[in-house]
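Hi,

Here is the model I promised to pass on. Have a look at it first, and my notes follow underneath.

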Amino acid sequence: MPLEAGLLEILACPACHAPLKEAESELICTGQDCGLAYPVRDGIPVLLVDEARHPA
């Protein structure tokens, strides 16, 4: 389910403050050294570093 219009523009990675991009059921950090992927559950982004998936 896509996020509400405009929401993605104001969200940022809690770890490095870089913008996020939407992919499937995750929000992925665009920061070069970060790359954490945050889950979206029931249309709500879970922006907790402890819940994030680390890049492979």
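A quick word on terms before the fold: helices and strands here are DSSP runs, with at least four residues for a helix (H or I) and at least two for a strand (E), numbered from the N terminus. Bear in mind, too, that this is a predicted model.

With that in place, the chain reads α-β-β-β-β along the sequence, that is, one helix and four strands. Its radius of gyration is 10 Å, close to the 10 Å that the globule rule gives for 56 residues, so the chain is as compact as a globular protein of that length. The C-alpha atoms fit a box of roughly 25 × 20 × 15 Å along the principal axes.

Some overall numbers: 32% of the 56 residues count as buried, and the chain exposes about 3900 Å², with carbon and sulfur atoms supplying 53% of that area. If you take the contacts between residues at least 6 apart in sequence, 18% of them join residues at least 24 apart.

Now the sheet. It is open, has four strands in the order β1-β2-β3-β4, and pairs in the antiparallel sense. The edges are β1 and β4 (44–45), each with a single partner strand, so one side of each has no neighbour in the sheet.

Going through the pairs, β1 (residues 20–23) and β2 (residues 26–29) are antiparallel over four bridges, and Leu20 has Cys29 as its bridge partner in β2. Two residues lie between the strands of this hairpin, and Glu24 takes a positive phi near 50° there. At the other end of the order, β3 (residues 37–41) is joined to β4 by two bridges, again antiparallel. Arg41 sits opposite Ile44 of β4 in that pair.

Then there are the cysteines, which I'd look at closely. How many disulfides does the chain have? With a cut-off of 2.5 Å between cysteine sulfur atoms, the count is zero. Cys29, the residue we met opposite Leu20, is in no disulfide, and its nearest cysteine sulfur, that of Cys16, is 3.4 Å away. Cys34 is in no disulfide either; there the nearest cysteine sulfur belongs to Cys13, at 3.8 Å.

Are these two buried or exposed? Cys29 is buried, with a relative accessible area of 4%. Cys34 is buried as well, at 18%, where the cut-off for buried is under 20%.

Cheers

Definitions and conventions: Residues are numbered from 1 along each chain as its sequence is written. This is a predicted model: local features need pLDDT of at least 70, side-chain atom pairs count only at pLDDT 80 or more; totals for chains, interfaces and linings use all residues. Side-chain values use heavy atoms; hydrogens and water are left out. The radius of gyration is taken over C-alpha atoms; the globule rule is 2.2 Å times the number of residues to the power 0.38. Buried means under 20% relative accessible area, exposed over 50%, partly exposed in between (1.4 Å probe, protein chains only). Contact means heavy atoms within 4.5 Å. Accessible areas come from the Shrake-Rupley method with a 1.4 Å probe; for residues, only the protein chains shown count as cover. Two strands pair if DSSP finds at least two bridges between them.
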